[in-house]
Amino acid sequence: MLVCGAACRGPIDSFAPVTPQGRAISDLFIATLVLSALVFLLVVGVLAYVLVRFRERPNDAEPRQIHGNTRLEIGWTIAPVLLLVVLFFMTIQTQRAVEAEAPGALRVRVIGHQWWWEYQYPDLGLITANELHLPVGRPLRLELEGADVIHSYWVPQLGWKKDTIPGKTNDIWVQFDQAGVYDGACTEYCGAQHAWMRVRLVAEPADQFDAWAEQQRRPSPTPANDTLRRGQAVFLQNTCVNCHAVAGTLANARVGPDLSHFGSRTTIGSGVLENTPENLRRWLAEVQRVKPGALMPNYNTLPDDDMRALVDYLEGLK
Ligand SMILES: [Cu+2]
């Protein structure tokens with residue numbers, strides 16, 4: 001079990017895969033485990049038998065001295081070789097099953113950053129961060145890339161774990177057969193906040209996914225009242241715009257997570273806080289205490305009114 005703070009909602013269980021690819025990997029693992037267990041029991045069993053059967057008894061004479069036994073030696077060389085051959089072909093078969101390319105798969109670029117995840121859907125023309133929404137029942141191709149250092153994308157229930165490497169693309173093929181929220185984490189040490197680079201993956205029925213995608217594709221909502229307008233002005237007049245994008249405004253930087261629909265996410269900062277107005281305020285005022293080392297500065301000098309308007313504005317970006 002992972003300790004997962006705000007990021008943890010779904011079950012985290014490597015033994016309960018939710019994709020055909022995950023099941024194939026899990027089946028191979030179980031088969032290998034069972035075969036190894038049988039070999040272990042056989043070796044330990046024979047050893048125990050010999051220890052008891054041929055133990056020294058009182059008045060025993062010196063036992064007969066034997067050297068070598070060709071037939072036995074050939075036997076215990078061939079048997080493991082055969083076992084390895086079987087495992088080899090099972091592995092090849094699993095590999096072919098999990099790496100089979102599915103035509104028409106929905107592509108998602110998964111980009112690891114210090115210390116958050118960027119998700120781009122080139123077929124749908126939308127970009128989001130930290131929470132990956134995917135449709136159930138449709139073949140998916142996750143294209144893993146690294147923006148800075150090597151990270152590793154691990155959601156136990158996918159069965160897969162693959163590195164995100166700068167300058168290289170690693171594919172993960174998946175197809176969900178049940179809806180759910182599946183959590184994971186970065187599993188390649190990538191710097192100070194590696195531990196707070198959680199993954200949250202939301203697999204949802206196709207119609208829900210389409211509705212989500214439709215909403216995410218829209219420009220962020222125009223501020224509808226004075227507070228929200230003030231919040232937007234605070235956002236645009238501060239250095240936020242050097243790092244963040246909000247679709248439909250002049251902010252289009254890509255250093256930090258896209259905030260166009262930030263209000264529709266459940267966590268802040270890759271799982272370090274639940275997404276509530278109080279927590280967002282904490283994040284903005286003292287991000288360096290919440291997530292020390294995060295590549296965003298504290299905004300602890302904003303006047304209170306400005307801060308409140310900014311929080312309302314960001315939470316309203318649904
Ligand atoms: Cu990491």
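At roughly what angle do the axes of helix H5 and helix H6 cross? Keep that question in mind while we walk through this structure, which is a predicted model.

Let's begin with the sheet. Five strands form an open sheet in the order S4-S10-S9-S6-S7, and their pairing is mixed. Find strand S4 (131–135) and strand S7 (161–164): each has a single partner strand and stands at an edge, so one side of each is left without a neighbour in the sheet. From one strand to the next, the twist averages 25°.

Now follow the sheet from the S4 edge. S4 pairs with S10 in the parallel sense, over 5 bridges. To see one of these pairings up close, look for His-133, whose bridge partner in S10 is Val-202. Strand S10 (198–204) is mostly covered, with 5 of its 7 residues buried. S10 also pairs with strand S9 (residues 180–186), this time in the antiparallel sense and over 6 bridges. Here Gly-184 has Val-199 in S10 as its bridge partner.

Continue to the other edge, where strand S6 (residues 151–154) and S7 make an antiparallel pair with 4 bridges. In this pair, His-151 stands opposite Thr-164 in S7. While you are looking at strands, here is a handy idea to carry with you: in a regular strand, side chains alternate between the two faces of the sheet.

Next, bring in a helix. Helix H3 (residues 206–217) lies across S4 and S10. Compare its direction with that of S4, and you will find that H3 runs at about 130° to that strand.

That brings us back to the opening question. Two packed helices are described by the angle between their axes and the distance between the axes. For helix H5 (residues 277–290) and helix H6 (residues 304–315), the axes come within 10 Å and cross at roughly 120°. An angle over 115 but not over 145 degrees counts as oblique, so H5 is oblique to H6. The crossing of H5 past H6 is right-handed.

Which residues of H5 and H6 meet? On the H5 side they are Pro-277, Leu-280, Arg-281, Leu-284 and Ala-285, and on the H6 side they are Met-307, Leu-310, Val-311, Leu-314 and Glu-315. Sorted by character, the residues of this contact between H5 and H6 include 8 nonpolar and 2 charged ones, with no polar ones.

How values were computed
Residues are numbered from 1 along each chain as its sequence is written. This is a predicted model: local features need pLDDT of at least 70, side-chain atom pairs count only at pLDDT 80 or more; totals for chains, interfaces and linings use all residues. Two strands pair if DSSP finds at least two bridges between them. Helices (H or I, at least four residues) and strands (E, at least two) are DSSP runs, numbered from the N terminus. Axes are lines fitted to C-alpha atoms, for helices over the stretch in contact, and angles run from 0 to 180 degrees between N-to-C directions. Two residues are in contact if their C-beta atoms, placed from the backbone, lie within 7 Å. Angles under 35 degrees count as roughly parallel, over 145 as roughly antiparallel, 65 to 115 as roughly perpendicular and the rest as oblique. A crossing is left-handed if the near helix is turned anticlockwise from the far one by less than a right angle, and right-handed if clockwise. Ala, Val, Leu, Ile, Met, Phe, Trp, Tyr, Cys and Pro count as nonpolar, Asp, Glu, Lys and Arg as charged, and the others, Gly among them, as polar. A residue is buried if 20 or more other C-beta atoms lie within 10 Å of its own, exposed if 12 or fewer, and partly exposed in between; C-beta atoms are placed from the backbone.
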